[in-house]
Each structure stands twice: as C-alpha cells, then as structure tokens.
Amino acid sequence: MRGGERMANPILVFCEQRAGRLKRVGLEALGQACRLSKTSSGDVVALVIGSLAGSFTQELADHGASRILLADDPALTHYSPELLTTIVADIARRLEPLAIVMGATAMGKDLAPKLAARLASALLQDCVALEMEADGSLVATRPIYGGKLRAVVKAKKPIMQVVTLRPSVFSPLKRKPTADVFVERLTVSCEATRPMARVRETRQTVEGKKELTEATTIVSGGRGLKGPGNFKLIEELAAALGAAVGASRAVVDEGWRPHSDQVGLTGKTVSPQLYVACGISGAIQHLAGMSSARTIVAINNNPNAPIFKLATYGIVGDLFEVVPLLTEEVKKLKAG
Amino acid sequence: MKLIVCIKQVPATESKLVLTRNGTDIERAGLNFVMNPYDEFAVEEALRIKERLGAEDVTALSLRPHAAQKPEEALRTCLAMGADKAILLSDPAFEGGDSYTTALVLAAALRCLPFDLLLFGKQAVDDDGGAVGIQVAELLGLPHVAVVNKLEVDTQSRCIVAHRQIEGGVEVVEAPLPSLITCQKGLNEPRYPSLPGIMKAKQKPLEIWNRDRIGLEPTAIGVAGAKVNVVRLESPPARPAGRIISGDAVAAVQELVRLLHEEAKVI
C-alpha cells in the first residue's frame, strides 16, 4: 500500500484488442473492476496494447475506466507474451494495483500466468465470480474438474493478484457518456532482452465465422445428424438466430467438423445466453463445456438422453423435422 | 536433441468426486487416476520428434501432488509408450501447492537436466488452470508457445514453428530452442502402449527426486509457498428443473419459440 496521501491502489484492467477492435470481455472486466472499486475506492485503469489503429478511449471511458493507458507500437501488431509481460509488469510496479484483471481469452490465459510468475503474484484463472474483501483480497470462484466442481479461492495475503475472467459471465457497465478522462500514452520498449517467441502471422481460419467462446447464442450438432452434410440444418438455424455453430466431440472425432468447433472437455468452454443442442446426447465430456449456458434447449429423439436433465426446454423428436421448423419459426419471429 | 515431457496424473474424467470433510479437497481413496489427456498429446509429440529426427532421448517428468496419488503409474505409461526414462518429484514439501509453487519445483528440477524442448499438456483437467507450463517457461527464462495444434522442429536453425489456436484462427509462432510448448488436441493421435512396450517399460529407469535433490526452501513451495488458498470446493449451482415440451412437432416448436422469446427472453 502506498503511504502519504492515502491514495487507494487502483485496479488495472488489460483490455484486449485484436486488429483494432476491442474485445467485449475487456468491457466486462472493466465493469467488474468498477463494481470491485466500490470496496477498494481506487481508480479503475484501462490498458490497451498493440499497434493501435482505432480510438478506444471514448468507449473505455463510457464503460467505467477512470484512467486509460495506451501502449502503441508497430512491434506490437501481433501478440507477444514476452513484450506484453514486460510492459504490464512495468506498469504494475509503478501503479501497484491491487489486481490486474483481463479476459480468459487465448491471449489472457497466456499472458496472465506469465505475468503472475514474473511478479511472483497470485493467479486466479478463468473466474466466474469475483468479490473483494475489505483488505483488498479477492475471493474468486473458478470451475474445476471440467465444471463438475467449483473452487472458491483467495490470495493468501493481499498481494498483487492477476485475474482472468471467463467471457460472457460478467456484464459491462451500461454505457454512460463520459468526458474528461485522463489518457496517458506510454513510451514502451519493444527490444527483446531475452530469447522470445514471435508471431509470424495471425490467420483467421474462416472469414466472418462467429467465434464460439464469444457468442451469445450457439447452435450445436451431434451424432444425431447422421452425416457431415446434414450440418446444413444446424448452420441454417444458426444463421436465423445469429448464432455460432458448435459440435460434439463425437462428430469432431468423425471428422465432420473441425476441432475449433468442438464444445466440451477437450474443446471449448462456452457460456452463451442460449445454447441449442441438436442430436447431442449429452455425454459428460460435452456437458463440461456448456453447462454454464443460461438457457439450454435440447432436441433429441431419445427421451432418456442425459442432455434433457440439463435442458431448460426440451423437445423429444426427430431433429430432421424439428430443426427446420424451428428455423422457420425463428425467421418468422425476427421478421415480425 | 533432448526432449522432456512434463505430465500430471489426474482423476479419470468419469470419476464421481466426493469432497473431504473440511470441504477444501476431493477424496482420493477409490478414485481411478490416469495421465492427463492433454499430456498424452505432449508425450506422443515428443516420441514423434524423436522418431523423425533421431533425437537422443525423451524423459518424462511428473510431480506427486498428493501423498495418496501414484504418478509412478502415469510415468510407466509414458515409458510403455516409448519414453526412455522417467523422474518423479516426490516430497511432502511439494504437496498442496498452487500453479506457482508447482512451477517453481518443476523449474528447479529442470535446471538439473539438459533439454532442447519441453512439452506440457495445455491444461490439467483437474485444476483446469492451464498455467504451470507457461509459468515454468517464465521461471526458466524460456520462450513458450501455448495451446499448440501443429508443430515443426527445425534442428538446423534450432527453432520451432508452432500453430497456436486462438479465437477464430491460429497464430503461427516461431521460437528459438530451447523452448517450451503446451499441447492441444489436434496436434497428433496418441498411441496406445504396445504389449512389448509395457514389458520393456518395467526395465526402464524411474528415478525419484526429493527436495534435497533439487534444492529448494520448504517455505517457498507446497502449501507453505502457495500464493493462493482454497477456501472451499462446492458443487456448481443446480439448474432449475427443465421442461419437456410435448405435442406434435409444429405445436412444440411454436411453443418453444414463444418460451424463448417471452419467458427466457433470449431471442
């Protein structure tokens, strides 16, 4: 803790951007940091790093950032664990934040452990709940054992804590137009001081494809579809709902869908508002990846399929009949 | 070229988990333990590199996280798959730590061993943290590439080119050796140990290293050194009972859309 003028320690929020676009989970983290700062009474400092084309400052200020730090350098076009760790660690030593919060994205889950090791600080990874005690200690809840249990964990001492938040679990603050936010452009060194990994290229596999872990609605298909060609039904329903397409492990193992579509234990963990499981029986492997969805719809011809135990709404029936009808009804609703 | 694979032994996925009386851990008695599924990709990749490039040897390394666990069994599986030797880090002082103390112990052991490439699974399916491999790299000052689903090793220029899965795409990453990767599904198809492999594994060396062997202060590691404490474990919140919508398909779908729109308010 800083002495003297009793300035409370801030919370630092790393807001990830890729290709000039802020990730929504950064705004979610900012929202949660603002809620926590009611206890800590410190600033909420947003940090954006990259080769920054767009202007993020207004969006960040409107979502609760009281200070904004920008580290802008062409050398930061691609993600670099080493350079980002050095930049964030330098800022952390200067600001002495209670916590460094970021989204549990591919980047966040990579950066946070490295940063925590560099700072010898506590790491709270992939949290679904986060509260602050009076001394600034965080109490975090994180799913373990593939979601079968949750661990409530706490840093031993109120040391600096590095936290990643599961996307789509926390809500951003309602946007409130804010003027007069303090913006600081940092001068950062992008010289490698030790051997480091370099991203040669960032490839989008399918242009315009919705990413599962960021989607608010997901339609998934399983073995009940009987063949890769029938995924057309899933894609049409997904298009009507504006949803991302997921798949069970069975159909990924069959080679019907790429591994990047797999939801479950050896695939992705998702927390959408709506998850529609079509022809998926609900093996524990799959449930581990989607059981935190808010509303679950199951369509399956086997009334004893385990997925119905989890489903908010279920239809026992032939998906080849039900799914196209559902697509039509959704289209009607959206048109109406 | 020397390769070291770091593996963890975890409860099998289908295990029914029961909490200990104080609620901060699971009961290990009676559980079936297996090699962490992602670590199998790491072992397989190391063996393939050895077979392809004629690497000198593959060492499997593990740490006993709890007195009731026998990671020797998972290490024997590595040996049966084709690893040349195994080392188990075992000391009461190592137990009950967090990702940071685990990384400290592994890093201390790895400082005693020659290697060009370290391979980890992308996460252990018990703690689901996905942090230890990355933290070991940081503590050893090595570059890392995490969540790798494609790997090329160039022994001439002593570097690797790895594809790492990110949202909606891949990052193609180059790193000089020595370095560390964490392995994702899709990297390879792990082999099953063959019967001759299982027989041979019994003759292969499996060393046990304690704290004295790697030299670490007991206060820095295990429960004493952990930065994070488990307050309690709990079941995820129960979901409210669901509803099966009956009737013919047309009526059921109309009712479903109505519920999604009016009750759940998700469309």
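Biologist: Why does B:Leu89 count as buried?

Modeller: A residue is buried if 20 or more other C-beta atoms, placed from the backbone, lie within 10 Å of its own; 12 or fewer makes it exposed, and in between it is partly exposed. B:Leu89 has 24 C-beta neighbours inside 10 Å, so it is buried. This is a predicted model, where local features need pLDDT of at least 70, side-chain atom pairs need 80 or more, and totals for chains, interfaces and linings use all residues. Residues are numbered from 1 along each chain as its sequence is written, with chains lettered from A and ligands numbered from 1 in the order written.

Biologist: Which residues does B:Leu89 touch, leaving out those up to four places away in sequence?

Modeller: Contact requires C-beta atoms, placed from the backbone, within 7 Å. B:Leu89 touches B:Leu63, B:Arg64, B:Phe94, B:Val105, B:Ala109 and B:Trp209.

Biologist: What makes helix α2 of chain B largely enclosed?

Modeller: Helices are DSSP runs of H or I, at least four residues, and strands are runs of E, at least two; both are numbered from the N terminus. Helix α2 of chain B covers residues 71–81, and 9 of its 11 residues are buried, so the rest of the structure largely encloses it. Among the buried ones are B:Arg76 and B:Cys78.

Biologist: How do you know that β18 of chain A and β13 of chain B pair?

Modeller: Pairing takes at least two DSSP bridges between two strands. Here 2 bridges join them, and the strands run parallel. A:Gly314 has B:Ile244 as its bridge partner in β13(B).

Technical notes
Contact = placed C-beta atoms within 7 Å.
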